[in-house]
Amino acid sequence: MNIRIRERLTLQFTLIVTSILLVFATGIYLLSSSYREQEFYARLETKALTTARLLIEVKEVDNDMLKIIDKNSINAMFSEKVLVYNTANKLIYNSVDDESIPVSDSLLNEIRKSDNDDSTSD
């Protein structure tokens with residue numbers, strides 16, 4: 001297999017450029033994926049805190065008004081369902097009118113435990 005110098009250089013250049021492009025494309029994808037995940041969790045946390053504050057601190061806001069606020073929110077997430085439980089694991093707010101979403105007590109306790117672990121590590 002006798003490849004001329006010109007063809008060999010062209011092939012090497014193509015392979016080098018392709019490799020560089022693949023490395024950069026992979027890096028950009030991984031960075032944007034990480035950013036989207038962080039942004040999602042930040043939005044989720046903000047939504048949870050806002051909903052809890054409205055339910056607890058604002059006396060004029062009841063469940064029906066909060067459902068209206070949730071439905072008209074600019075930052076609503078796709079197929080978003082908001083469930084608020086008290087410390088006794090009793091559902092006190094549900095943004096879904098006709099669906100029942102089962103949540104086990106062990107899951108709620110695990111969420112509370114992980115939230116406490118995150119807040120103590122700050």
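These legends describe close-up views of a predicted model.

**View 1. The chain has 3 helices and 2 strands.** Read from the N terminus, the elements run α-α-β-β-α. The chain has 122 residues, and buried residues make up 13% of them. Consider the contacts in the chain with a separation of 6 or more: residues 24 or more positions apart account for 39% of these.

**View 2. Helix H1 crosses helix H2.** H1 spans residues 5–57, and H2 spans residues 63–71. Their axes come within 11 Å. The crossing angle is roughly 150°. That angle is over 145°, so H1 is roughly antiparallel to H2. The crossing is right-handed.

**View 3. Residues of H1 and H2 meet in a contact.** H1 supplies Lys47, Thr51, Leu54 and Leu55. H2 supplies Asn63, Leu66, Ile69 and Asp70. By class, the residues of this contact divide into 4 nonpolar, 2 polar and 2 charged.

**View 4. Five residues form the largest nonpolar core.** The members are Val61, Leu66, Val82, Val84 and Tyr93. Leu66 also takes part in the contact of H1 with H2. Val84 lies in strand S1, which covers 83–85. Tyr93 lies in strand S2, which covers 91–94. In soluble globular proteins, nonpolar side chains tend to be buried together.

**View 5. Tyr93 has contacts beyond its neighbours in sequence.** Neighbours within four places in sequence are left aside here. Tyr93 is in contact with Thr51 and Leu55, both of which H1 brings to its contact with H2. Asn63, Leu66 and Asp70, from the H2 side of that contact, also touch Tyr93. Lys67 is another partner of Tyr93. Val82, Leu83 and Val84 complete the list. Among these partners, Leu66, Val82 and Val84 belong with Tyr93 to the largest nonpolar core.

**View 6. Asn89 sits in the loop between strands S1 and S2.** Asn89 has a positive phi of about 60°. Asn89 is not a glycine. Is this loop residue buried or exposed? Its relative accessibility is 17%. The cut-off for buried is under 20%, so Asn89 counts as buried.

Key
Residues are numbered from 1 along each chain as its sequence is written. This is a predicted model: local features need pLDDT of at least 70, side-chain atom pairs count only at pLDDT 80 or more; totals for chains, interfaces and linings use all residues. Side-chain values use heavy atoms; hydrogens and water are left out. Axes are lines fitted to C-alpha atoms, for helices over the stretch in contact, and angles run from 0 to 180 degrees between N-to-C directions. Helices (H or I, at least four residues) and strands (E, at least two) are DSSP runs, numbered from the N terminus. Angles under 35 degrees count as roughly parallel, over 145 as roughly antiparallel, 65 to 115 as roughly perpendicular and the rest as oblique. A crossing is left-handed if the near helix is turned anticlockwise from the far one by less than a right angle, and right-handed if clockwise. Contact means heavy atoms within 4.5 Å. Ala, Val, Leu, Ile, Met, Phe, Trp, Tyr, Cys and Pro count as nonpolar, Asp, Glu, Lys and Arg as charged, and the others, Gly among them, as polar. A nonpolar core is a set of buried Ala, Val, Leu, Ile, Met, Phe, Trp, Tyr and Cys residues joined through side-chain atoms within 4.5 Å. Buried means under 20% relative accessible area, exposed over 50%, partly exposed in between (1.4 Å probe, protein chains only).
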